[in-house]
Amino acid sequence: MSLRVGMRELREKLADYLESSVPIEVTRHGQTIGFYIPLPKRANQSERDAMLDAGRRMQEELIRLGITEDELVADFKDWRKSRDAV
């Protein structure tokens, strides 16, 4: 379950949302621009290890593809602009 929130509402209630354990779908002009997925407040060691493993796998995939984090971010921004233009 997630909560769909516009940018204005997110700014106004940011402190409350950051304390929540519910994932948030962030929108601008009705279009999804991102997600906020909070980590469990008291992550146990296995959850922490899973998050670290996901980060390592992401880094390995970037290396396999031959792209940098900056290139990935730039590609995502370009994709988002082209999607919003439609």
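How many of the 5 residues of strand 2 are buried? In this predicted model, the answer is 4, so strand 2 is described as mostly covered. The paragraphs below set out the sheet to which this strand belongs, the residues that line up across it, the helices and the salt bridges.

The sheet is open and consists of 3 strands in the order 1-2-3, with mixed pairing. Strand 1, residues 3-6, and strand 3, residues 31-36, occupy the edges; each has a single partner strand, and therefore one side of each is left without a neighbour in the sheet. From one strand to the next, the twist averages 30°. In general, the strands of a sheet pair through backbone hydrogen bonds, in either a parallel or an antiparallel sense. Both senses occur here, as the pairing is mixed. Strand 1 runs parallel to strand 2, which covers residues 24-28, and the two are joined over 4 bridges. Strand 2 and strand 3 are paired in the antiparallel sense, over 5 bridges.

Individual residues show how the strands are aligned. On the parallel side, L3 is placed opposite I24 of strand 2, and V5 has V26 of strand 2 as its bridge partner. V26 also stands opposite G34 in strand 3. Strand 2 and strand 3 form a hairpin with 2 residues between the strands, and in this hairpin H29 adopts a positive phi near 55°.

Two further residues of strand 2 illustrate its covered character. T27 is located in strand 2 and has a relative accessibility of 8%; because residues under 20% are classed as buried, T27 counts as buried. Leaving aside residues up to four places away in sequence, T27 touches R4, V5, G6, M7, T32 and I33. E25 is likewise buried, with a relative accessible area of 15%. The side chain of E25 meets that of R4 in a salt bridge, with an N to O distance of 3.0 Å. This pair links distant parts of the chain, since R4 belongs to strand 1 and E25 to strand 2, and 21 residues separate them. In contrast to the buried E25, R4 is partly exposed, at 48% relative accessibility. R4 thus takes part in the salt bridge with E25 and is also among the residues touched by T27.

The helical part of the model includes helix 3, residues 45-65. With 21 residues at 1.5 Å a residue, helix 3 should span 30 Å; the C-alpha atoms at its ends are 30 Å apart, which agrees with that expectation. Within helix 3, R57 and D53 are 4 residues apart and are therefore separated by about one helical turn. Their side chains meet in a salt bridge at 3.3 Å, N to O. D53 counts as partly exposed, its relative accessibility being 33%. Just after helix 3, G66 takes a positive phi of about 75°.

Helix 4, residues 69-85, lies across strand 2 and strand 3 and runs at about 145° to strand 3. One of its residues is L72, which is partly exposed, with a relative accessible area of 30%. Residues up to four places away in sequence not being counted, L72 touches M58, L62 and I67. L72 and L62 are 10 residues apart along the chain, and their C-alpha atoms are separated by 8.4 Å.

A search of the whole structure finds 5 salt bridges. Besides the pair of R4 and E25 and the pair of R57 and D53, these include one between R83 and D84, in which the closest N and O atoms are 3.2 Å apart. Both partners of this pair are classed as partly exposed: R83 has a relative accessibility of 24%, and D84 has one of 37%.

Taken together, the model presents an open sheet of 3 strands in mixed pairing, with a mostly covered strand 2 that pairs with strand 1 in the parallel sense and with strand 3 in the antiparallel sense. Helix 4 lies across strand 2 and strand 3.

Definitions and conventions:
Residues numbered from 1 in each chain as written. Predicted model: local features only at pLDDT ≥ 70, side-chain atom pairs only at ≥ 80, totals over all residues. Heavy atoms only, no water. Pairing = 2+ DSSP bridges. Axes fitted to C-alpha atoms, helices over the stretch in contact; angles between N-to-C directions. Contact = heavy atoms within 4.5 Å. Buried < 20%, exposed > 50% of the residue type's maximum accessible area, 1.4 Å probe, protein only. Expected span 1.5 Å × (residues − 1). Salt bridge = Lys/Arg side-chain N within 4 Å of Asp/Glu carboxyl O.
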